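Trainee: Hi, have you got a minute to go through a model with me? I'll put it up here.

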Amino acid sequence: MATDYDEVRSDVKESQDRSLEALQSANAPDARSVVRELDEADAMDESMTPGGEFVAEELTVQVIPQAQDEFTCYSCFLVRHRSQLAREKNGHAYCSECEG
């Protein structure tokens, strides 16, 4: 007698049917109630911050100008050393990683 190995085994098929029945019988919330709950949660988040504190910090950043031996890649917009220059086209410089 030939055996069809592509056929689903009976024990696997039964477990698939049981899990499908369990999913169908589960009490899933409707989309409107989920959206309403999310909107309520967002409204609560807007009025309070975690810990209930408002922090007003000022950041101080030192900006270093681009050096003569550096360029800004027109593709990735990172400042690179001239040794990483792959090509210049139409006045725009491209690094070796973007051209690689």
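Trainee: Let me start with one residue: is Asn90 buried or exposed?

Mentor: Asn90 counts as exposed, at 69% relative accessibility. Here buried means under 20% relative accessible area, exposed over 50%, and partly exposed in between, with a 1.4 Å probe and protein chains only. Keep in mind that this is a predicted model, where local features need pLDDT of at least 70, side-chain atom pairs count only at pLDDT 80 or more, and totals for chains, interfaces and linings use all residues. Residues are numbered from 1 along each chain as its sequence is written, and side-chain values use heavy atoms, with hydrogens and water left out.

Trainee: Thanks. Where does Asn90 sit?

Mentor: Asn90 is in the loop between β3 and β4. Those strands, residues 85-89 and 92-95, pair in the antiparallel sense over 4 bridges. Two strands pair if DSSP finds at least two bridges between them. Strands (E, at least two residues) and helices (H or I, at least four) are DSSP runs, numbered from the N terminus.

Trainee: Which residue of β4 is the bridge partner of Leu85?

Mentor: That is Cys95.

Trainee: What about the backbone at the turn?

Mentor: The hairpin has 2 residues between its strands, and Asn90 takes a positive phi near 55 degrees there. Most residues other than glycine have a negative phi.

Trainee: Which residue in the loop between β1 and β2 should I look at?

Mentor: Try Phe77, in the loop between β1 (70-72) and β2 (79-81). Phe77 is not a glycine, yet has a positive phi of about 65 degrees. Phe77 is also exposed, with a relative accessible area of 60%.

Trainee: Switching topic, which residues form a nonpolar patch on the surface?

Mentor: Leu59, Val61 and Val63 do, with about 380 Å² of accessible area together. Patches take residues with over 30% relative accessible area and no salt bridge (a side-chain nitrogen of Lys or Arg within 4 Å of a carboxyl oxygen of Asp or Glu); nonpolar side chains (Val, Leu, Ile, Met, Phe, Trp, Tyr) are joined within 5 Å, like charges within 9 Å. Val63 lies in the loop between α2 (31-47) and β1, and counts as exposed at 71% relative accessibility.

Trainee: And the whole chain, how do its elements run?

Mentor: From the N terminus on, they go α-α-β-β-β-β-α. Buried residues make up 7% of the 100 residues. The chain exposes about 9,500 Å², with carbon and sulfur atoms supplying 51% of that; the areas come from the Shrake-Rupley method with a 1.4 Å probe, and for residues only the protein chains shown count as cover.
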